[in-house]
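Reader: I am in my first year of study and would be grateful for a close look at one part of this structure. Please explain how that part is arranged and how the account extends to its surroundings.

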Amino acid sequence: STDEKGDVTGSGIYVEGSDIEIESIPTEGYHFVQWNDFTNDNPKTVHLTQDTTFIAQFAINRYNVELAVQDTLNMGTVSGAGIYEHNEVVNVVADENKGYVFLYWLESDTIASTEVEFSFEIKCDRNLTAVFGPADAHYAMLQKGWNWYSTYIDVRRESGFEKLTDGLDTNGVVIKSQTQFVTYYDGYDTWDGSLTEVDNKNMYMIDMSTEHYLMMEGVISNVS
């Protein structure tokens with residue numbers, strides 16, 4: 001049997017008593033279920049004693065979309081979880097509660113999307129987590145590699161440095177000012193270098209090991 005769901009190999013004319021092998025090959029997005037004799041060996045060896053017809057039965061793949069919220073403060077809700085067929089368009093939605101903002105969808109420690117309504121054609125199981133944050137914080141998407149960074153949050157000296165490094169977590173590699181720098185040592189979970197103060201009046205260069213959404217909480221300051 002051959003159709004848009006899959007193909008079968010092994011058909012032909014054979015001598016009586018031959019042992020032949022037939023195999024079902026599903027099209028992308030489908031899977032083999034069984035043969036018309038209710039067996040599911042694949043490939044399948046057949047001993048021929050007469051003319052025989054085998055029909056492969058295929059079914060479309062179905063995938064699970066699981067959603068979660070990464071917070072313990074009731075920052076928001078999500079919708080769109082469920083079971084979907086291969087290539088079906090899935091629309092997941094994040095709704096923030098008062099005082100919070102949606103930041104991104106996280107999947108396997110990677111940012112999948114920054115869209116509140118995230119649509120995609122499904123081709124496998126998906127497990128997405130919506131990440132929210134306080135509405136009065138300053139957020140910056142830092143890419144892997146070097147990034148320029150400044151903030152309008154009122155941060156100063158050592159406390160500013162602590163807020164920045166806390167926000168980077170273990171994703172930062174090096175932070176540079178015009179004259180100083182500091183390096184993160186993962187094995188010791190510590191930053192070491194001449195840069196020990198950060199404020200909101202200067203630009204900094206940050207080398208990232210991976211993309212990361214940096215959050216800085218505090219009071220907005222007018223630095224002009």
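Author: The account below starts with a helix and the loop behind it, and then turns to strands, aromatic rings and unusual backbone angles.

The model is predicted, so local features are described only where pLDDT is at least 70 and side-chain atom pairs only at pLDDT 80 or more, while totals for chains, interfaces and linings use all residues. Residues are numbered from 1 along each chain as its sequence is written, and side-chain values rest on heavy atoms, with hydrogens and water left out.

Helix 1 comprises the 12 residues 157–168. Helices here are DSSP runs of H or I with at least four residues, strands are runs of E with at least two, and both are numbered from the N terminus. At 1.5 Å a residue, helix 1 should span 16 Å, and the 17 Å between its end C-alpha atoms agrees with this; the expected span is 1.5 Å times one less than the number of residues. Gly160, Phe161, Leu164, Thr165, Gly167 and Leu168 are the buried residues of helix 1. Because these residues cover an arc of only 160 degrees around the axis, they lie on the same side of helix 1. The arc is taken from the directions that lead from the helix axis to the C-beta atoms. Buried stands for under 20% relative accessible area, exposed for over 50%, and partly exposed for what is in between (1.4 Å probe, protein chains only).

Just after helix 1 comes Asp169, with a positive phi of about 55 degrees. Asp169 is a residue other than glycine, and most residues other than glycine have a negative phi. Asp169 belongs to the loop between helix 1 and strand 16 (172–176). With 47% relative accessibility, Asp169 is partly exposed. Asn171 occupies that loop between helix 1 and strand 16 as well. In contrast to Asp169, Asn171 is buried, its relative accessible area being 15%.

From this loop one may pass to a residue farther along the chain. The C-alpha atoms of Asn171 and Tyr213 are 9.9 Å apart, although 42 residues separate these two along the chain.

Tyr213 also takes part in one of the aromatic contacts. There are 9 aromatic pairs in the structure. Rings of Phe, Tyr and Trp (its six-membered ring) pair if their centres lie within 6.5 Å; planes under 30 degrees apart are called stacked, over 60 edge-to-face, and the rest tilted. Phe32 and Trp35 have ring centres 5.3 Å apart and planes at 55 degrees, so this pair is tilted. Tyr104 and Tyr213, by comparison, have centres 5.1 Å apart and planes at 25 degrees, so their pair is stacked. The latter pair links distant parts of the chain: Tyr104 is in strand 10 (residues 100–107) and Tyr213 in strand 20 (residues 212–216), 109 residues apart. Tyr104 is buried, with a relative accessible area of 10%.

To return to the tilted pair, Phe32 and Trp35 form one aromatic cluster together with Phe54 and Phe58. Phe32 is buried at a relative accessible area of 15%, and Trp35 is buried at 0%.

Strand 10, which holds Tyr104, is part of an open sheet. In this sheet 5 strands follow the order 8-6-13-10-11, with mixed pairing. Strand 8 (82–85) and strand 11 (110–113) are the edge strands, each pairing on one side only. From one strand to the next the twist averages 40 degrees; axes are lines fitted to C-alpha atoms, and angles run from 0 to 180 degrees between N-to-C directions. Strand 10 and strand 11 run antiparallel and are joined by 3 bridges; two strands pair if DSSP finds at least two bridges between them. Opposite Trp105 stands Ser113 of strand 11.

Beyond edge strand 8, the loop between strand 8 and strand 9 (89–96) contains Asn87. Asn87 has a positive phi of about 70 degrees although it is not a glycine, and with a relative accessible area of 35% Asn87 is partly exposed.

A further positive phi is found in a hairpin. Strand 17 (residues 181–185) and strand 18 (residues 190–193) pair in the antiparallel sense over 4 bridges. Thr183 has Asp192 of strand 18 as its bridge partner. The hairpin of strand 17 and strand 18 has 4 residues between the strands, and Asp189 in the turn shows a positive phi of about 50 degrees.
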